[in-house]
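Reader: Could you take me closely through one part of this model, setting out how its helices are arranged and where the backbone departs from the usual pattern?

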Amino acid sequence: MNRDQSTEDTLKDAFKSADLGDRTWLFFTQHGRIFKLLAIAVVLCFGFGICIMIGRASSQKTMESSYFEVIRNGDGENKNRENFARKYATKPLGGFIFLELADEAYGKKEYGPAKDYYHRARRGLGKNIFAGRAAIGESVALIKSGMVSEGETLLARIGEERSHPPAIRGNALYFLAVSMVGRGDINAAKNILNILLNSNFSAHWKGEGKKLLREIGMER
């Protein structure tokens with residue numbers, strides 16, 4: 001066995017206990033409270049907007065009534081929430097419900113439904129930070145369901161999309177590098193990490209990128 005092969009085997013062993021899904025779920029769990037608070041703020045603002053429009057747009061009033069009917073008894077049954085989200089799939093509130101369903105499916109390791117929910121969430125949420133998180137969730141769910149190429153392509157696209165905040169773009173590039181390391185493409189991972197470290201991304205993901213470089217023994 002040559003030195004390069006030995007190094008690759010060592011790296012694969014090192015990442016067996018911390019794959020992309022583990023790192024992603026840890027991130028979502030650690031930052032879940034922040035996302036929930038932001039989500040509540042969005043829903044409240046959306047609700048106030050609807051109240052102002054009552055009497056001027058009957059469709060908005062109907063959507064408001066339907067939403068509060070779904071959440072009246074807690075979060076509502078999954079089927080009821082999904083029916084609501086499908087009915088208002090192109091609206092932000094429908095997208096937010098799909099995002100909730102996606103996170104729940106991912107937490108149960110149901111990656112097929114999760115990727116579909118995340119995809120639908122992206123459509124409804126538009127270009128805000130929640131849409132960015134939905135896109136990252138879809139990418140990782142694709143990878144975890146065996147569609148590695150599709151997932152990595154989406155992560156790369158998120159990293160290049162300037163309409164997303166730097167934190168979302170940096171997050172996507174970091175997970176792209178982790179996925180590449182996990183399948184042994186070390187040089188490609190190094191290139192992505194260099195882009196992450198040398199561009200205008202958030203300090204948090206630059207720090208994570210430096211840690212990953214140290215883990216794979218390629219600190220610059």
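Author: What follows looks at helix 6, its packing against helix 8 and the loop after helix 6, and then turns to helix 11. The model is a predicted one, and the description should be read with that in mind.

Two packed helices are described by the angle between their axes and the distance between the axes. For helix 6 (92-107) and helix 8 (residues 129-144), the angle is about 30 degrees and the axes lie 11 Å apart; because angles under 35 degrees count as roughly parallel, these two helices are roughly parallel to each other. The crossing of helix 6 with helix 8 is left-handed. On the side of helix 6, the contacts are made by Leu-99, Asp-103 and Tyr-106, which meet Phe-130, Arg-133, Ala-134, Val-140, Ala-141 and Lys-144 of helix 8.

Between helix 6 and helix 7 (111-125) runs a loop that holds Lys-109. Most residues other than glycine have a negative phi, whereas Lys-109, which is not a glycine, has a positive phi near 65 degrees. With a relative accessibility of 61%, Lys-109 counts as exposed, since the cut-off for that term is over 50%.

Helix 11 (residues 186-197) has 12 residues, which at 1.5 Å a residue should span 16 Å, and its end C-alpha atoms are indeed 16 Å apart, in agreement with that expectation. Within helix 11, Ile-186, Ala-189, Ile-192, Leu-193, Leu-196 and Leu-197 are buried. These residues cover an arc of only 135 degrees around the axis, which places them on the same side of helix 11.

Note on methods: Residues numbered from 1 in each chain as written. Predicted model: local features only at pLDDT ≥ 70, side-chain atom pairs only at ≥ 80, totals over all residues. Heavy atoms only, no water. Helix = DSSP H or I, 4+ residues; strand = E, 2+ residues; numbered from the N terminus. Expected span 1.5 Å × (residues − 1). Buried < 20%, exposed > 50% of the residue type's maximum accessible area, 1.4 Å probe, protein only. Arc of directions from axis to C-beta. Axes fitted to C-alpha atoms, helices over the stretch in contact; angles between N-to-C directions. Parallel < 35°, antiparallel > 145°, perpendicular 65-115°, else oblique. Left-handed = near helix turned anticlockwise from the far one by under 90°. Contact = heavy atoms within 4.5 Å.
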